[in-house]
Amino acid sequence: MYFDLQKATDTVDHKILLEKLYNYGIRGIVHDWFQNYLSNRKQFVSINNIDSNYLGNINCGVPQGSDLGPLLFLIYVNDIANASPNSDIRLSADGKSLIETNLKAEGVVKELNQWFLANKLSLSIDKTCYSIFGCHDIT
């Protein structure tokens with residue numbers, strides 16, 4: 001299955017991210033540093049050296065263009081396998097028949113969508129699909 005998240009790095013909730021960092025053992029001074037790093041961030045638009053006014057504090061999103069942004073996003077989604085405990089979340093799913101594989105895929109999509117919603121990520125249904133690979137006839 002291929003999942004496309006709408007504005008994935010822009011919608012990372014700082015409170016949830018900080019909680020996940022804490023659960024992964026990032027505590028104390030280092031956790032305080034991440035909290036400070038994510039707090040009181042502001043955004044503005046700059047076009048041809050003309051800047052807009054600051055648009056207020058940002059409570060979500062990882063800083064783009066930084067080395068930490070992609071790492072923080074990966075930490076944010078690292079627990080996705082917990083969303084579907086009866087499935088082995090990887091890049092493939094096994095089934096004895098095409099019907100069974102389709103039913104399993106639909107169930108996993110529903111479970112993962114609940115995880116996406118709980119983590120304030122939005123699934124782009126139009127860009128989400130799955131492919132079947134194999135060398136055996138599973139009809």
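Select lysine 20 in this predicted model. At 8% relative accessibility, lysine 20 counts as buried, because buried means under 20%. Now add aspartate 79 to the selection. The side chains of aspartate 79 and lysine 20 form a salt bridge, with 2.9 Å from N to O. Lysine 20 sits in helix H1 and aspartate 79 in the loop between H3 and H4, so this pair ties together parts that are 59 residues apart in sequence. Side chains of opposite charge can pair when their charged atoms come close.

Stay on aspartate 79 and show the helices on either side of its loop: H3 covers 68-77 and H4 covers 98-118. Is aspartate 79 buried or exposed? Its relative accessible area is 19%, so aspartate 79 is buried. Which residues does aspartate 79 touch, leaving out those up to four places away in sequence? They are Lys20, Tyr24 and Trp115.

Next, select aspartate 13 and lysine 120. Their side chains meet in a salt bridge at 3.3 Å, N to O. The two residues are 107 residues apart and link distant parts of the chain. Aspartate 13 is in the loop between strand E1 (5-6) and helix H1 (14-23), while lysine 120 is in the loop between H4 and strand E6 (122-123). Aspartate 13 has a relative accessible area of 12%, so this residue too is buried. The count of salt bridges in the model comes to 2.

Move on to the aromatic rings. The count of aromatic pairs comes to 3. Select tryptophan 33 and phenylalanine 34 for an edge-to-face pair, 5.1 Å centre to centre with 80 degrees between the planes. Then swap phenylalanine 34 for tyrosine 37. Tryptophan 33 and tyrosine 37 are stacked, with centres 5.2 Å apart and planes at 10 degrees. Both of these residues lie in helix H2 (residues 28-38), 4 residues apart, which is about one turn of the helix. Show Trp33, Phe34 and Tyr37 together, and you have a cluster linked by ring pairs. Compare how far two of its members are covered: phenylalanine 34 is buried at 11% relative accessible area, whereas tryptophan 33 is partly exposed at 45%.

For the last stop, turn on the surface and select Val45, Ile47 and Leu55. What do they make? These residues make a nonpolar surface patch of about 290 Å². Within the patch, pick out valine 45, in the loop between strand E2 (41-42) and strand E3 (46-47). Valine 45 counts as partly exposed, at 44% relative accessibility.

Technical notes. Residues numbered from 1 in each chain as written. Predicted model: local features only at pLDDT ≥ 70, side-chain atom pairs only at ≥ 80, totals over all residues. Heavy atoms only, no water. Contact = heavy atoms within 4.5 Å. Patch = residues over 30% accessible without salt bridge, like charges linked within 9 Å, V, L, I, M, F, W, Y side chains within 5 Å. Areas by Shrake-Rupley, 256 points an atom, 1.4 Å probe, with all protein chains shown as cover. Salt bridge = Lys/Arg side-chain N within 4 Å of Asp/Glu carboxyl O. Buried < 20%, exposed > 50% of the residue type's maximum accessible area, 1.4 Å probe, protein only. Phe/Tyr/Trp six-rings, centres within 6.5 Å; stacked < 30°, edge-to-face > 60°.
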